[in-house]
Amino acid sequence: MSKIQSHPNTATFSEIFNANDKSNEYQNFCHALALMDVTIERAISIRELNQSTFLNEVIFKEDYPDFIEAVGFKITYEDLFNNKDVMNYILENDSVKVIHLIRENLFDIYISFRRALLTKQWVIHRWTSPNLSDELSFHVDVKQCEIFFTNLEQMRSHVQELYKNKNTLELEYCDLVEGIWEPDLQNHLRLSKADLAANVSKNQKINHSLVIENYQEVQNYFKNSQWSTFFSTSP
């Protein structure tokens, strides 16, 4: 998301439909706050009454300054499936394009999630130091991890099927971080060409075998599964 936010001709909102973390409401709106016609409090009030009205009148309003070429927001699988009006709005409006960001290695997603829980850092800005600890290690319940993989794959497939006939660009997370798909991203949104620079870093990646207390057990458990390649090499 921060790659798109860095483009001078975009108005971008973060997880504005995240029902689980009301403490970050301001941060979810702040990147485009100067371009809003209403206060954040008023925007939230409209959203709670009618999500379609909120999208039409607050997010995708018609009177953005002329230099704004694209407007968008970020939404997770969970929030998408919990907000049917939003899901259908995206599906039914031809002007809304989808960027589906995926991460092939589901174990990397699981590890990032667990590490974020431990460090209390879900986003690491480039100008801040990651909150790491010498005692940052944890035990993985292989059954829970397997459920995590299964659920994530089901949600991913659901989104791919749901928006298969829309103007959808699917990007791999690592490629986007490295800037490989930046031209495709800007072309997809019909943006003027610009250098993009994320203002956040990936949650620092370390050797899984050092962080996971029972890594050998986990690796053995999945070695004959469809997810075995996630564990074949150290990150």
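**Helix packing and cores in a predicted model**

Let's start with two helices. Helix α4, residues 51-59, packs against helix α6, residues 84-92, at an angle of about 50°. Their axes are 8 Å apart. Keep in mind that this is a predicted model. How are α4 and α6 oriented to each other? They are oblique, because an angle of about 50° lies between the cut-offs of 35 degrees for roughly parallel and 65 for roughly perpendicular.

Who makes the contact? From α4, we have Q51, S52, L55 and N56. They meet D85, V86 and Y89 in α6. By class, that contact of α4 with α6 has three nonpolar, three polar and one charged residues.

Now the other partner of α4. Helix α3, residues 40-49, packs with α4 at an angle of about 140°, and the axes are 5 Å apart. So α3 is oblique to α4. The cut-off matters here: roughly antiparallel needs an angle over 145 degrees. On the α3 side, the contact residues are A43, I46, R47 and L49. On the α4 side, they are Q51, T53, F54 and V58. The contact of α3 with α4 divides into five nonpolar, two polar and one charged. Note Q51: this residue appears in the contact with α3 and also in the contact with α6.

Next, the cores. The largest nonpolar core has 49 residues. Which residues have the most contacts inside it? They are F13, F29, F54, F73, F107, F149 and I212. We have just met F54, in the contact of α4 with α3. The largest share of this core, five residues, comes from helix α8, residues 142-162. Another core lies apart from it, with nine residues, among them A70, L185, L189 and L191.

Let's look at F222. This residue sits in helix α12, residues 215-222. Is F222 buried or exposed? Buried, because its relative accessible area is 1%, and the cut-off is under 20%. Leaving aside neighbours within four places in sequence, F222 contacts V142, C145, E146, F149, W227, S228 and F231. Take E146: F222 and E146 are 76 residues apart along the chain, yet their C-alpha atoms are separated by 8.6 Å.

Last, the cysteines. C145, one of the contacts of F222, counts as buried because its relative accessibility is 0%. C30 is partly exposed, at 28% relative accessible area. How many disulfides does a search of the whole structure find? Zero.

Key: Residues numbered from 1 in each chain as written. Predicted model: local features only at pLDDT ≥ 70, side-chain atom pairs only at ≥ 80, totals over all residues. Heavy atoms only, no water. Axes fitted to C-alpha atoms, helices over the stretch in contact; angles between N-to-C directions. Helix = DSSP H or I, 4+ residues; strand = E, 2+ residues; numbered from the N terminus. Parallel < 35°, antiparallel > 145°, perpendicular 65-115°, else oblique. Contact = heavy atoms within 4.5 Å. Nonpolar A, V, L, I, M, F, W, Y, C, P; charged D, E, K, R; others polar. Core = buried A, V, L, I, M, F, W, Y, C linked by side-chain atoms within 4.5 Å. Buried < 20%, exposed > 50% of the residue type's maximum accessible area, 1.4 Å probe, protein only. Disulfide = S-S within 2.5 Å.
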